[in-house]
Structure formats: structure tokens, C-alpha cells
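Q: I am new to this structure and would be grateful for a close look at a single part. Please begin with that part and then continue to other features in one connected account.

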Amino acid sequence: MSAIVLKNREEIELMRESALIVSMTLGMLAGEIKPGISSLELDAKAEDFIRDHGAVPGFLGLYDFPNTLCMSPNSQVVHGIPNKNPLQEGDIISIDCGSLKNGFYGDHAYTFAVGEIDPKTEKLLRITKESLYKGIAEFKNGNRIGDLAFAIQNHAEAEGYGVVRELIGHGLGTEMHEGPEVPNYGKRGSGKKFLDGMVLAIEPMINRGTHRIKQLNDGWTILTADGLPSAHFEHDVALIDGKPELLSTFQYIYETLGIEGDEETPFRKEALIL
Ligand code: MG
Ligand code: MG
């Protein structure tokens, strides 16, 4: 992973644009996800949407990834490749999306339910999303990466879930993956100190069973070793005046799905106007 690059206010505003394009793309997809549609069809819609908004897909061609979206259903953790298989009632699908605009990347993710899902999986989604916000709350002056990592791990492991070790969050900027590395497990008070101008992609990947993973021989797809479901939620967050500020938002998704959610409020200076 490359070096840590601190961003000034102007750069952070440009990054907000890139992040919001991803947020809007996920909001659009929320209305399209239903039994019968394939991840490849969703991928095409996302690519068109991103280009229509003056950006280019951030993942397409990156490390030779073949598509716009990483689409990881059920026991797939991350980096699933879109295909023609129709989504089924009761599936979950983690969608990770990147954009590139004005030279800066946006990169965030949400795990969606396809129709009705079983209560155990619903709880996995809720706890994983909660663990993301627990982590974001620790991204502040005086803290270190270990504080953020511990908060995520602690919240997920309290439910007996497995926290993926091999894949982690990262700094974000003119590169998709900049320093620092942001693991979802760790010790309080350890690791690099947070500094104003850091922009992180914070992204817990939490398994309902074991934390262990394996990889398909497509060279990309990561899945749980025990076949149980996995969830992935990711936000782009800047450290401004010592406090975490969200550049991305799930509000477009919530608006599409008719969900109320105010978890983002503490991490915004002003109300988000959609
Ligand atoms: Mg991502
Ligand atoms: Mg990421």
C-alpha cells in the first residue's frame, strides 16, 4: 500500500463528489435489486449511471478487475465478479462500487437483502453496519488505528461473528488504495495516529461463522470457509478539525427503500440535502 497522503479542504470537497456519485449509484441499484435480475444486469446499469454523472467506474480495469461493481452474494465476502445468474428471494448481495472523478476515487459498499431474508442474516447485516459506525466514531484526534479496529472487532465478536483478517480498509485519494492500512481487528491504542486531512475507506467484512476465508480460482472471489453468509459495509470518511466527517452516504439507499436511519447524523456538520 502506498504512503499516507493528507488532503486539504479543496481536495476533500472533490472527494465528496466522487463519494456521492457512488452513494447515488447504490441508491439507484437499491430500486433495481429483486429476484430475477442478475448481477451483470445491475453492473451495466451502474456503469451507465456513473458515466452519466461525469465520472468513470473506479474498479473497472483496476488490477485488471473486469467490471464496474464487485458483487458478492451470500457466502461471498468481497470481490465477486458479476454474472448472469438471477438473484433469488432470500439472497443477500454485497455491492462494492468505485468511481473516479476529478482525479479522486470514491469507494463504498452496502449489503442488500433480496426480498425477505432470514432473521439470522438480517441480524448479521444490522450488526455489521453498526460496527462500521462504531469504527467511524473512533476516527478522531488523539486516537490511533487500533482504536477504530478494536471497536469494529469488539462489536462483531460480541455476537459470535467472524471478523475477516486478510482484507482491510485503507486510505483513499488519487489512488484507490493509499496508506494507512485499516484493519477491522486490533488493539486499542496501537498503530498509526489519526491526523487531520486523512481520508479513509472504513469497511468491516463480517462473517456469520468463522472469520476464515478462501478464494475461488477466478483469482478474485473471496468467500467464507464455512459457507455461511458474510456482510460488507463501507463508508468514505475524512478527518476534519479532529472529527470524522462522512463523504459518502447511505441516505439514497434509504430513500429508495423507504428506510429511516439517523446513524449518519453525528458524522455530518449539516443536514444532507438529497
Ligand atoms: Mg470498496
Ligand atoms: Mg475499499
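**Helix H2 and other local features**

A: In helix H2, the buried residues are Ser39, Leu42, Asp43, Ala46, Phe49 and Ile50. The model in which they are described is a predicted one. Viewed down the axis of H2, these buried residues fall within an arc of 130°, so they line one face of the helix. This agrees with a general property: an α-helix has 3.6 residues a turn, so residues three or four places apart point the same way.

H2 spans residues 39-52, which is 14 residues. From the first C-alpha to the last, H2 reaches 20 Å, close to the 20 Å expected at 1.5 Å a residue. The partners of its buried residues are helix H1 (9-30), strand E1 (56-57), strand E2 (69-73) and strand E4. After H2 comes glycine 54, with a positive phi near 75°.

Strand E4, one of the packing partners of H2, leads on to the metal site. Asp96, Asp107 and Glu234 coordinate the magnesium ion (ligand 1), at 2.0 to 2.3 Å. In sequence, the spacing of these donor residues is D-x10-D-x126-E. Aspartate 96 lies in strand E4 (residues 92-101) and glutamate 234 in the loop between strand E13 (230-232) and strand E14 (235-240), so this pair ties together parts that are 138 residues apart in sequence. Aspartate 96 and glutamate 234 are both buried. Aspartate 107 coordinates the magnesium ion (ligand 2) as well as ligand 1, and the two ions are 3.1 Å apart.

Aromatic rings also link distant parts of the chain. The whole structure holds 8 aromatic pairs. In one of these, tyrosine 110 and phenylalanine 250 have ring centres 4.9 Å apart and planes at 80°, so the pair is edge-to-face. Tyrosine 110 belongs to strand E5 (residues 104-113), while phenylalanine 250 is in the loop between strand E15 (243-246) and helix H5 (251-257), 140 residues away. Tyrosine 110 is buried at 5% relative accessibility, and phenylalanine 250 is buried at 0%. These two residues form one aromatic cluster with Phe112, Phe233 and Tyr254.

Another pair joins tyrosine 133 and phenylalanine 267, whose ring centres are 6.3 Å apart and whose planes are at 10°, so the pair is stacked. Tyrosine 133 is in helix H3 (residues 119-137) and phenylalanine 267 is in the segment after H5, with their positions 134 residues apart in sequence. Both are buried: tyrosine 133 has a relative accessible area of 7%, and phenylalanine 267 one of 9%. A charged residue meets a ring at tyrosine 185, where arginine 165 lies over the face at 4.9 Å from the ring centre.

Several features concern the backbone. Most residues other than glycine have a negative phi, and most peptide bonds are trans. Asparagine 74, however, has a positive phi near 55°; this residue is in the loop between E2 and strand E3 (76-78) and is partly exposed at 28% relative accessibility. Aspartate 241 likewise has a positive phi, of about 50°. Aspartate 241 lies in the loop between E14 and E15 and is exposed, with a relative accessible area of 55%. Finally, the peptide bond between glycine 179 and proline 180 is cis, with omega about 0°, and proline 180 is placed in strand E8 (residues 178-182).

Note on methods: Residues are numbered from 1 along each chain as its sequence is written. Chains are lettered from A and ligands numbered from 1 in the order in which they are written. This is a predicted model: local features need pLDDT of at least 70, side-chain atom pairs count only at pLDDT 80 or more; totals for chains, interfaces and linings use all residues. Side-chain values use heavy atoms; hydrogens and water are left out. Donors are N, O and S atoms within 2.8 Å of the metal (3.2 Å for Na, K and Ca); water is not among the atoms, so sites may look incomplete. Helices (H or I, at least four residues) and strands (E, at least two) are DSSP runs, numbered from the N terminus. Buried means under 20% relative accessible area, exposed over 50%, partly exposed in between (1.4 Å probe, protein chains only). Rings of Phe, Tyr and Trp (its six-membered ring) pair if their centres lie within 6.5 Å; planes under 30 degrees apart count as stacked, over 60 as edge-to-face and the rest as tilted. A charge sits over a ring if NZ of Lys or CZ of Arg is within 6 Å of the ring centre and within 35 degrees of the ring normal. The expected span of a helix is 1.5 Å times one less than its number of residues. The arc is that of the directions from the helix axis to the C-beta atoms. Contact means heavy atoms within 4.5 Å.
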